[in-house]
Amino acid sequence: MLVVAEKEIGGLMTPEAAYDAVEAVFAAMAADRAYNFPVVREAIGHDDALYGFKGGFDGAALTLGLKAGGYWPQNQKHGLINHQSTVFLFDADTGRVAAAVGGNLLTALRTAAASAVSIKYLAPKGAKVLGMIGAGHQSAFQMRAAARVHDFEKVIGWNPHPEMLTRLADTAAELGLPFEAVDLPRLGAEADVIISITSAFSPLLMDGHVQGPTHIAAMGTDTKGKQELDPALVARAGLFTDEVAQSVAIGEFQHAIAAGLIAEEAITQIGAVVNGSHPGRGDAELTIFDGTGVGLQDLAVARAVVKLAQEKGLAQKVEI
Ligand code: NAD
């Protein structure tokens, strides 16, 4: 098998390669050529850790495997970040393990690529202002990936912990874009594209905040109970997601579904827009992409990085 170490990923994987891998696997999912396995996520009763697996099979690219890992809140004492994961790929023809790949940076890149896919296909015409809700680790990745697929003129941002806003200001500066910290009503009124990437458990962006043609990539909600958007806002939007089953169970749309405000049948997989089998925005004033994070995204970027590592001689061969 091949091993690609976490420390090599930064030098190998590019946002462009992550984007291409994620866009392709979303398209394969919508064409029923790739599917995700049910997610396992368990509180293991040790060190407050959450551990689980996300896996799947992409029959178009013949990518089979899983990402194993989770969240260890006490990791600072070990000098490690709290999110830890590794991707394992298997040979689809033989079942032999093919690769083990560090999954930490890949998770950040594949999550950023997902919102970027939605922005590329669903941003309103002439969108100029990017609104960021959230200023944690992931926010910088999301902003960079968004700027790659669309020419924004300005970034505005809000975060529940204002001391973290420097991350958004610094990332915007790196992209050569002006940045302004604003309140949520201004963010909703002025942004043409909004990315939410927080750990919120109650709605932040309300229906009354959002005005004019807007696309929202709701990326923070990936667990039952988390929530960033007012269900009334969701109820008046064109609805898109990575995978419908995850969206209604653990994604942002779980709440509007539970309240009976939207029907599962009204949610479209973004891959259908990529494939051209769904028109996308149409004449909708508001679109929302519920990015829940699927295992196939992890496998797609891991496969891409293994290829790059092989080309550069940075994949270690191990007998198993
Ligand atoms: P982080 O810990 O670095 O940042 C957390 C962010 O959420 C900050 O903006 C913080 O101010 C805000 N926040 C913290 N507690 C909050 C609360 N109680 N209410 C509202 N906001 C709160 O995390 P990160 O790595 O930037 O990830 C942000 C979120 O995105 C996490 O919830 C994570 O689980 C989620 N995530 C989703 C995917 C996906 O595929 N959808 C992938 C990676 C991360």
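**The ligand and its surroundings**

A nitrogen atom of the ligand lies 2.9 Å from a polar backbone atom of Met219. This contact belongs to a predicted model, and it offers a starting point for following the ligand through the structure. The backbone of Thr198 also takes part: one of its polar atoms is 3.3 Å from an oxygen atom of the ligand. With Asp222, the side chain is involved instead, since an N or O atom there is 3.1 Å from a ligand oxygen atom. On its own, the ligand has 850 Å² of accessible area, and the protein covers 76% of that area.

The space that the ligand takes is the largest pocket. Two elements each give two or more residues to the shell around the ligand, namely α3 (104-122) and α4 (137-149). In total, 22 residues surround the ligand. The closest of these are His137, Asn159, His161, Lys226 and Gly291. Sorted by class, the shell contains 13 polar residues, 6 nonpolar residues and 3 charged residues.

Helix α3 leads from the ligand to another kind of contact. Lys120 forms a salt bridge with Glu23, and the closest N and O atoms of the two residues are 3.4 Å apart. Lys120 lies in helix α3, whereas Glu23 lies in helix α2 (residues 15-30). The pair therefore links distant parts of the chain, given that the two residues are 97 residues apart. A search of the whole structure finds 13 salt bridges, and the pair of Lys120 and Glu23 is one such salt bridge.

Key
Residues numbered from 1 in each chain as written. Predicted model: local features only at pLDDT ≥ 70, side-chain atom pairs only at ≥ 80, totals over all residues. Heavy atoms only, no water. Near = heavy atom within 4 Å. Polar contact = N/O pair within 3.5 Å; in protein donor to acceptor, adjacent residues only side chain to side chain. Areas by Shrake-Rupley, 256 points an atom, 1.4 Å probe, with all protein chains shown as cover. 1 Å grid on protein atoms, 1.4 Å probe; cavity = no way out; pocket = protein on both sides within 12 Å on 5 of 7 lines; lining within 4 Å. Sits in = over half its atoms within 2 Å of the grid points. Helix = DSSP H or I, 4+ residues; strand = E, 2+ residues; numbered from the N terminus. Nonpolar A, V, L, I, M, F, W, Y, C, P; charged D, E, K, R; others polar. Salt bridge = Lys/Arg side-chain N within 4 Å of Asp/Glu carboxyl O.
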